Amino acid sequence: QVHLVESGGGLALPGGSLTLSCAASGTFNSIRDMAWYRQAPGKQREEVACMTRDGSRTYDDSVKGRFTIYMDNAKNTVSLQMDNLKPDDTAVYYCKAYVDAGLVITNYWGQGTQVTVSP
């Protein structure tokens with residue numbers, strides 16, 4: 001079993017910054033990639049950023065130039081540095097890991113952390 005625990009959400013002013021962190025624990029061979037998703041009220045969950053084990057990064061257009069994802073292979077962690085936050089960034093943010101657990105390779109999700117951007 002693999003567990004993901006997120007931290008770092010909260011309230012920020014427009015133009016402010018927050019850093020989200022996620023740590024994976026459990027028994028597995030490796031993590032193929034880790035990503036951050038978000039879900040705003042009344043909207044579908046969407047991928048914000050993803051980083052693969054080999055260092056490749058992808059970002060949603062809405063956060064390019066403002067958010068930075070970093071995956072630490074040795075520590076099995078992923079962070080999301082969010083700068084120049086906007087009210088539209090308000091959502092519950094979820095960490096996802098694509099994990100090679102031996103018999104299966106599948107996605108695991110964290111419980112989510114609230115990010116609110118408001119004056």
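**Exercise 1. Overall form**

Task: Decide how the radius of gyration of this predicted model compares with the value for a compact globule of 119 residues.

Solution: A compact globule with 119 residues would have a radius of gyration near 14 Å, and because the chain has 14 Å, the two agree. As a next step, consider the box that the C-alpha atoms fill, which is roughly 45 × 25 × 20 Å when taken along the principal axes. The accessible surface of the chain comes to about 6,300 Å², and carbon and sulfur atoms account for 48% of that surface. Finally, 40% of the 119 residues count as buried.

**Exercise 2. Elements and contacts along the chain**

Task: Find how many helices and how many strands there are in the chain, and state what share of the contacts between residues at least 6 apart in sequence joins residues at least 24 apart.

Solution: Begin by reading the elements from the N terminus on, which gives β-β-β-β-β-β-β-β-β-β-β. The count is therefore zero helices and eleven strands, where a strand is a DSSP run of at least two residues. Then turn to the contacts: among those between residues at least 6 apart in sequence, 54% join residues at least 24 apart.

**Exercise 3. The nonpolar core**

Task: Name the residues that touch the most other members of the largest nonpolar core, and say which strand gives the most to this core.

Solution: The general expectation is that, in soluble globular proteins, nonpolar side chains tend to be buried together. In this chain the largest nonpolar core has 31 residues, and those touching the most other members are Leu4, Met34, Trp36, Leu80, Met82 and Tyr93. At least two residues of this core come from each of β1 (2–7), β3 (18–26), β4 (30–39), β5 (46–52), β7 (67–72), β8 (77–82), β9 (91–100) and β11 (113–117). The strand that gives the most is β9, with five residues. To look at one core member in detail, take Leu4: when residues up to four places away in sequence are not counted, Leu4 touches Cys22, Ala23, Ala24, Met34, Cys95, Lys96, Ala97, Tyr108, Trp109, Gly110 and Gln111.

**Exercise 4. Three residues of strand β7**

Task: Classify Thr68, Tyr70 and Asp72 as buried, partly exposed or exposed.

Solution: The cut-offs come at the start, because buried means under 20% relative accessible area and exposed means over 50%, with partly exposed in between.

- Thr68 lies in strand β7, and its relative accessibility of 41% makes it partly exposed. Apart from neighbours within four places in sequence, Thr68 is in contact with Tyr59, Ser79, Leu80 and Gln81. Of these, Leu80 is twelve residues from Thr68 in sequence, yet their C-alpha atoms are 5.6 Å apart in space.
- Tyr70 is also found in β7, and at 44% relative accessibility Tyr70 counts as partly exposed. Apart from neighbours within four places in sequence, Tyr70 is in contact with Met51, Arg57, Thr77, Val78 and Ser79. Tyr70 and Gln111, which are 41 residues apart in sequence, lie 19 Å apart from C-alpha to C-alpha.
- Asp72 has its place in β7 as well, but its relative accessibility is 16%, so Asp72 counts as buried. The C-alpha atoms of Asp72 and Ser25 are separated by 13 Å, and these residues are 47 places apart along the chain.

**Exercise 5. Loop residues**

Task: State where Ser17 is placed and which residues it touches, then say what is notable about phi of Asn76 and of Asn84.

Solution: Ser17 sits in the loop between β2 (10–12) and β3, and with a relative accessible area of 42% Ser17 is partly exposed. Not counting residues up to four places away in sequence, Ser17 touches Ala12, Gln81, Met82, Asp83, Asn84 and Leu85. Ser17 and Val63 are 46 residues apart in sequence, and their C-alpha atoms are 13 Å apart.

One of the residues touched by Ser17 is Asn84, which is found in the loop between β8 and β9 and is partly exposed at 42% relative accessibility. For the last step, recall that most residues other than glycine have a negative phi. Phi of Asn84, however, is near 50 degrees, a positive value. Asn76, in the loop between β7 and β8, likewise has a positive phi, near 55 degrees.

**Exercise 6. Charges**

Task: Find how many positive and negative side chains the chain has, and how far apart the centres of the two sets lie.

Solution: The count gives 11 positive and 12 negative side chains. The centres of these two sets lie 1 Å apart.

Key:
Residues numbered from 1 in each chain as written. Predicted model: local features only at pLDDT ≥ 70, side-chain atom pairs only at ≥ 80, totals over all residues. Heavy atoms only, no water. Helix = DSSP H or I, 4+ residues; strand = E, 2+ residues; numbered from the N terminus. Rg over C-alpha atoms; globule rule 2.2 N^0.38 Å. Buried < 20%, exposed > 50% of the residue type's maximum accessible area, 1.4 Å probe, protein only. Contact = heavy atoms within 4.5 Å. Areas by Shrake-Rupley, 256 points an atom, 1.4 Å probe, with all protein chains shown as cover. Lys, Arg positive; Asp, Glu negative; His and termini not counted. Charge placed at Lys NZ, Arg CZ, Asp CG, Glu CD. Core = buried A, V, L, I, M, F, W, Y, C linked by side-chain atoms within 4.5 Å.
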